[in-house]
Amino acid sequence: MNNPVYLDRNENHYGPSPACAEVLKTIRGGDLATYPREYTRGVKSRLSERLARDLSLPESQILLSEGSEDMLKQVVHCYLGVGEVMLCPQQSWWYYQAVASEVGGVTMTFPLKERGNQFHYDVQRIEEAYWKHQPKVLLLASPNNPTGNSLSVADLKRILGFARNSIVVLDEAYWGFDGVLTQSNLQMVREHQNLIIIRSFSKLFALAGARIAFAAVGHDVTSLTKFAARYLGYNRISELLALAALDSMEYYAGVSARIRAERQLFYDFFSKRDDFTAFISDANFVLVRISSEDRERLKKHLESDGIFIKFFSADHTGLSDYVRITVGTPEQNKRLLNSIALFLKSQAHVSP
């Protein structure tokens, strides 16, 4: 078997910037043996200080975590109690509902609207679900995993207009793959004091193994600010990697452009196949609907070829006939698409 190709977990296979690799060469024993002492300057860390400066926010409104998963867990554990409701998209990351169940919370969902080859947020449906369930936490994702669609600034403002009595969480883990590398959304926490926006260094910055994320939070999110406090400081190595990544935006703009170009190849490939629909995505993955009879045969074919993509289980609401494909390097994507083409050719030969 060829070397395996893993396109199932949305990792950035282009890798982090060269500056991040250089950071690892500079780590000294003393850096590992002692705690950071940024608190003596009145800040949590150099990273939170840098992010606050870049965003023109008070440093107290920047919280650090070990990846988005950790920050999401902290938010839900902080704000959601037994029997209280969290509202989130029906077609979304399974972890949202899992973490709500950890605290005895109840998850209610609203569906995303499928129109043509794109999913959309329907603000009217969200508002109806909001007033019906009156959630303690309203969780949104932009781009959403696995559908790939984003929430516009105008729609986010509309939602914040009626969701004043809830903690509103916007998961932006897949930010940066639509060609817009500005930080403007994060500054919305100035005007909306119940808003939490989470960003990860795992996807665009290709630092999934370092487990780095942060949240920009509104003034009213004081409980989380205390809950997430880490008085002995942040991981020194992760901090240095993140700072190097933030200094390498030209490199990451190039990575984003290459991923968008490769993503277009997926649309072109699947648009010529009647049994497949590839959905427009702003992330580093593409959601594809396939015919149910092809599902298991395609899965076995790809795995025998050493290629792994995300096949959703039957209990993942509304997505049992879909697969999610990470946009990899040109070599990885070519291997995948050639393998699918071979599969389709073999199926045509056995069709009655």
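Here are some numbered notes on this predicted model, covering its largest pocket, three helix pairs and a few backbone details.

1. Start with the largest pocket, which holds about 640 Å³ of space. It is lined by 28 residues, and the closest to its centre are Arg-9, Trp-93, Asn-145, Tyr-174 and Lys-203. Click on those five in the viewer and you will find the middle of the pocket.

2. Which elements give two or more residues to the lining of the largest pocket? They are α4 (67-79) and α5 (94-102). As for chemistry, the lining is a mixture: 11 residues are nonpolar, 8 are polar and 9 are charged.

3. Now for the helices. Two packed helices are described by the angle between their axes and the distance between the axes. Keep both in mind for the next few points.

4. Take α1 (residues 18-26) and α9 (residues 236-246) as a pair. Their axes come within 8 Å and cross at roughly 150°. An angle over 145 degrees counts as roughly antiparallel, so α1 is roughly antiparallel to α9. The crossing of these two helices is right-handed.

5. What do α1 and α9 touch each other with? On the α1 side you have Ala-19, Cys-20, Val-23 and Leu-24, and they meet Ile-237, Leu-240, Leu-241, Ala-244 and Ala-245 of α9. Sort the residues of this contact by class and you get 9 nonpolar, no polar and no charged.

6. Helix α9 has another partner, α3 (residues 46-55), and the axes of α3 and α9 come within 9 Å and cross at roughly 25°. Angles under 35 degrees count as roughly parallel, and α3 and α9 are therefore roughly parallel to each other. From α3 the contact uses Arg-46, Leu-47, Arg-50 and Leu-51, while α9 brings Glu-239, Leu-240, Ala-242, Leu-243 and Leu-246. This contact divides into 6 nonpolar, no polar and 3 charged residues. Look out for Leu-240 here: it appears in the contact with α1 and in the contact with α3.

7. The third pair is α6 (123-133) with α7 (153-162). Their axes come within 10 Å and cross at roughly 20°, so α6 and α7 are roughly parallel to each other. The crossing is right-handed. Val-123, Ile-126, Glu-127, Tyr-130 and Trp-131 of α6 make the contact with Asp-155, Arg-158, Ile-159 and Phe-162 of α7. The classes here are 6 nonpolar, no polar and 3 charged.

8. On to the backbone. Most residues other than glycine have a negative phi, and most peptide bonds are trans. That makes the next few spots worth a look.

9. Where is Gln-134? You will find this residue in the loop between α6 and β7. Gln-134 has a positive phi of about 45°, although it is not a glycine.

10. Which peptide bonds are cis? One runs from Ser-142 to Pro-143, with omega near -5°. Another runs from Asn-145 to Pro-146, with omega near 20°. Pro-143 sits in the loop between β7 (137-141) and α7, and Pro-146 is found in the loop between β7 and α7 as well. Asn-145, at the start of the second of these bonds, also belongs to the residues closest to the centre of the largest pocket.

Key:
Residues are numbered from 1 along each chain as its sequence is written. This is a predicted model: local features need pLDDT of at least 70, side-chain atom pairs count only at pLDDT 80 or more; totals for chains, interfaces and linings use all residues. Side-chain values use heavy atoms; hydrogens and water are left out. On a 1 Å grid over the protein atoms alone, a cavity is a set of points where a 1.4 Å probe fits but cannot get out, and a pocket is an open set with protein on both sides within 12 Å along at least five of seven lines; lining residues have an atom within 4 Å of a point. Grid points are joined across faces, edges and corners, and a volume is the space filled by probe spheres set on the points. Helices (H or I, at least four residues) and strands (E, at least two) are DSSP runs, numbered from the N terminus. Ala, Val, Leu, Ile, Met, Phe, Trp, Tyr, Cys and Pro count as nonpolar, Asp, Glu, Lys and Arg as charged, and the others, Gly among them, as polar. Axes are lines fitted to C-alpha atoms, for helices over the stretch in contact, and angles run from 0 to 180 degrees between N-to-C directions. Angles under 35 degrees count as roughly parallel, over 145 as roughly antiparallel, 65 to 115 as roughly perpendicular and the rest as oblique. A crossing is left-handed if the near helix is turned anticlockwise from the far one by less than a right angle, and right-handed if clockwise. Contact means heavy atoms within 4.5 Å.
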